[in-house]
Structures are given as C-alpha cells and as structure tokens.
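Student: I'd like to learn how to read a protein model. Can you walk me through one, feature by feature?

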Amino acid sequence: MEIDGETNEDNSRRIQVRFVTKLKAPYKVPTTAIAIPSDLSRLGLSSIVNKLLQAVDPEWKTEPFDFLIDGELVRMPLEQFLLVKGISAEKILEIEYIRAVAPRKEEEPSPHDDWVSAVDGSSPRFILTGCYDSLGRVWKGAGWCTHILEGHSDAISSVCIINSEGPGGATVATASKDRTLRLWKFDPEDSSDHPARTRAFRILRGHNASVNSVAAKTSGDMVCSGSWDCTINLWQTNDSDTNGDVILIKKRKMKNKAHESQSEGEAVSTLVGHTQCVSCVVWPQHDTIYSASWDHSVRRWDVETGKDLSDIFCGKVLNCIDIGGEGSALIAAGGSDPILRIWDPRKPGTSAPVFQFSSHSSWISACKWHNGSSFHLLSSSYDGKVMLWDLRTAWPLAIMDTHKDKVLCADWWKGDNVVSGGADAQLGISSDISIQ
C-alpha cells in the first residue's frame, strides 16, 4: 500500500513503515505496512496518520501528532533522521505516533494591576498568583478571581500552595520584597462574583532582605524560603507554638465583628552556605531541600542536619530550579543566559548537564517538570515565550508567545494546562495540552 504525504518531490524515494500507538480508540490506525515518501517531516507524517484515521472514521477531525523512532522524537525529515541515527531503511520501520504536545486553546487573559511575578498551579481547584501590586490572588479559572490576599507592603515575589484540601480550607504562602512571608487560609469553594479580601493568619519575619522564593514541605507542616540575604529559612506552618515561634500580635473587634487573629512566626532553622542571593528553593522530598543562587550554584541540603550535601556549579547566575524527570531525580535550572540545563546527580561528574536546551533568546525565569511525565517540562523567559520540552528531542515541542512582555513565571495546571504571568500584567492559561 502506498500513501503520499506532504512532499516536495513526486519521485521521492519510498520506505516501508508501520504506524503504531499506545493511544486508545479512536486514535488507532491499521498496523499494516505502507510505503511513504522518505523525505516527509513531522507535518507530512501527521497528514498521513490523519488520512488513515479518516479512512476508518469519515467524521474524524484532523489534529497534529508527534512521532517517535526507537524512543526518540522525529524533528527532521525522515530520511535525514534515519541517516543521522544509523537506522536502515531497507526493513519495515516502526513509527510510534502520539498526540502533539501543544495547547489547542488559549483562554482569555486574566488582568492584574501590575507585573504578575509568581504563579502556582499545583492544585486542580484553583490558581494562585502573586503580583507587584503587593496582592495575592486566587483564580477558579480564566477571569474568575475569588480571593484577594492583602497585607504585604511591597511586591510579592513567590507564592506556594501548602495544602488545598485542609479541614479549615486551603493554606497558601506568599513571599515578598517587604522581607516577610505570610500564610493565608481561605475556602476554595467560595465562588462569589466579587473577590473576598483576606488577611494572613501568620506573618513570618526573620530575613534581612527581600524574600525571593517559598516552597512547602510535602507534608505541609513547614515551608522554606530563599532570600537576598543569602540564607534559607525554615518555618512551621501549623498552629502550635512549639519552641515559642508563634506570638499572637492582633485580635480585635470592629463594629461588633471579631477579626481573625494574626500571629508572628520565627524561623525554626537557617541554612547558610550561599554567597549571593538565593533565587529559588524547592522541597521535593521530606528531608531534602534544593536551592539555586546568583552565586552560580545548585545546592542540596539535609533538612535535619542543615548541611550542604552537594553542589553543582554552572558558571551562570541562576533564577529557577525544579526537581523531576526519571525517578524524580533530575535537576532543571535556568538563569542569566538562554540555556535550560538539566543535571542527573546519580551520574558521576554531575557538574556537566545531561541535557541543554537553547531555544530561548533571553534569561530563563522559570522551569517546571510535569508531574505525570518523566520526559516533559516547561520553561519561561524574558524573551516573552513559554516553551514545552521533551527530553527525547532538542527542539521545543511548542512555543507559546501570547504574552506581550517578559514572562516572569509559569507552571502546569490540572495536568493539561499551562499557566503563566508576566510584565504585561496578565495571567495566561494555555489549555488542552496532551501529555502522554
């Protein structure tokens, strides 16, 4: 059987292929071998698969696909790919197809009053944003803000969802240039048309400079923070006054209405070792914190002992870090150049990245692994773009350029959405992204 795709040469050499997939019906095509032009690229291959699907179902609506040969994504003409990889074209070639990883819809942007500096999409119930207007905001979806978190006296630089399913509602943390962190509680199911204004139930003081990043322990009973003062502080989030670290500072009545109590917290411990600004912290495992710094290093900390267990130096100022991938062990980081670097600390000589992605054209502001895939992650940049990556190819799977200025933050939401914020004062939501 012969099928023509989108090719520039009518007399192109043909090769025998068999299309296979792990997708369920209606995405399956017959597995019989067919002859196709050898100079087809991804778009041509996608066209053929769509024709095969339409032959099975005349109502089939065309959609893009990606293709893997021997576990590697095809990002060049087929014949060139086989030549580079040393794969014979004389036998029947098995090509696996998957749904293309790209947003199929861009939601209406959600406006803020200033730069959107931070976003957390780790809860499927809501999105949390931080803004340069000193306010945090809770969003149920595009354009639907349910809560405004007010109390900081300067820009919010980082936000973190501690617990979205707690008995007293959701608990979140914000970090600010005002040198404090604040903890907040609210009911995520509150769906009022007018945002509820919420005060923090605890203020965490102890840093001597702007707080750049906050991350929660997986159990939710602690958070850590990184600051321009070069330190990482650990804080309790529960309501106990263990070690006297919580002090009641305000409880008053106005117009016969009792206002919620507000307390202050002190750091439980401090991790010292960085020599410049700690730009980002993550707390992926119970006893381990990772940090990135302007001193060019990624550090791994033992929470119990406070010791710096390992350092990776990359020669560049670092802005962001995340842990994920295979075995939840790969370290992704970006900073003051356009390169997204990934290290595998399980391998000897870990100072050399195992992957480097260089399609951005300016500083990288955020990187985030997908929770459901060991291959996929995203990055955002001051070049105004969010890019989706797959470790099986050096080229981005998708480039989202809906922001009109620097992109300052990005995250996954609900598994198949990307949320991002930037200097255009917008929260963007790119939806219906298929990750397999």
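Student: Let's start with one residue. Is Ser 431 buried or exposed, and why?

Tutor: This is a predicted model, so keep that in mind throughout. Ser 431 has a relative accessible area of 6%. Buried means under 20%, so Ser 431 counts as buried. You'll find Ser 431 in strand S39, residues 426-431.

Student: Which residues does Ser 431 touch, leaving out those up to four places away in sequence?

Tutor: Pro 103, Arg 104, Lys 105, Glu 107, Asp 416 and Asn 417.

Student: Let's try another one. Where is Val 214, and what is its relative accessibility?

Tutor: Val 214 belongs to strand S17, residues 211-216. Its relative accessibility is 6%, so Val 214 is buried as well. Setting aside neighbours within four places in sequence, its contacts include Ser 158, Cys 160, Ala 173, Leu 181, Cys 224 and Val 281.

Student: What separates Val 214 from Trp 395?

Tutor: Along the chain, 181 residues; between the C-alpha atoms, 31 Å.

Student: Now a whole strand. How many residues of S19 are buried?

Tutor: Six of its six residues, which run from 231 to 236. Look at the two faces of S19: Thr 231, Asn 233 and Trp 235 are on one side, with Ile 232, Leu 234 and Gln 236 on the other, and all are buried.

Student: Which strands pair with S19, and in what sense?

Tutor: The general idea comes first. Strands in a sheet pair through backbone hydrogen bonds, in a parallel or an antiparallel way. In this model, S18 (residues 222-227) pairs with S19 in the antiparallel sense over five bridges. Cys 224 has Leu 234 in S19 as its bridge partner. S24 (residues 269-272) also pairs with S19 in the antiparallel sense, over four bridges. There, Asn 233 has Thr 270 as its bridge partner.

Student: What lies between S18 and S19?

Tutor: Three residues, and the two strands form a hairpin. In the turn, Cys 230 has a positive phi of about 75°.

Student: How do I read the order of strands in a sheet?

Tutor: Follow the strands from one edge to the other. One open sheet of five strands reads S2-S1-S5-S3-S4, with mixed pairing. S2 and S4 are the edge strands, each pairing on one side only. S1 and S2 pair in the antiparallel sense over four bridges, and Ile 15 stands opposite Ile 36 in S2.

Student: Which helix lies across S1, S2, S3 and S5?

Tutor: Helix H1, residues 42-56, running at about 110° to S3.

Student: What is the order in the sheet that holds S8 and S15?

Tutor: S8-S9-S10-S11-S15, an open sheet of five strands with mixed pairing. S8 and S15 are its edges, and each of them pairs on one side only. From one strand to the next, the twist averages 25°. S11 and S15 pair in the parallel sense over three bridges, with Leu 149 opposite Thr 198 in S15.

Student: What about rings? How many aromatic pairs are there?

Tutor: To describe a pair of rings, you give the distance of the centres and the angle of the planes. The whole structure has 12 aromatic pairs. One of them, Tyr 27 with Phe 65, is edge-to-face, at 6.4 Å centre to centre and 80° between the planes. Tyr 27 is in the loop between S1 and S2, while Phe 65 is in S3, so the pair ties together parts that are 38 residues apart in sequence. Both Tyr 27 and Phe 65 are buried.

Student: Why do Phe 355 and Phe 357 count as stacked?

Tutor: Their planes are at 15° and their ring centres 6.2 Å apart, so the pair is stacked. Phe 355 is partly exposed at 28% relative accessibility, whereas Phe 357 is buried at 2%.

Student: Which residues form the aromatic cluster with Tyr 27 and Phe 65?

Tutor: Phe 19, Trp 60, Phe 67 and Tyr 97 join those two in one cluster. Elsewhere, Arg 392 lies over the face of Phe 375, at 3.9 Å from the ring centre.

Student: And for the protein in general, how many helices and strands are there?

Tutor: Two helices and 39 strands. Of the 436 residues, 56% count as buried.

Notes: Residues numbered from 1 in each chain as written. Predicted model: local features only at pLDDT ≥ 70, side-chain atom pairs only at ≥ 80, totals over all residues. Heavy atoms only, no water. Buried < 20%, exposed > 50% of the residue type's maximum accessible area, 1.4 Å probe, protein only. Contact = heavy atoms within 4.5 Å. Phe/Tyr/Trp six-rings, centres within 6.5 Å; stacked < 30°, edge-to-face > 60°. Lys NZ or Arg CZ within 6 Å of the ring centre and 35° of its normal. Pairing = 2+ DSSP bridges. Axes fitted to C-alpha atoms, helices over the stretch in contact; angles between N-to-C directions.
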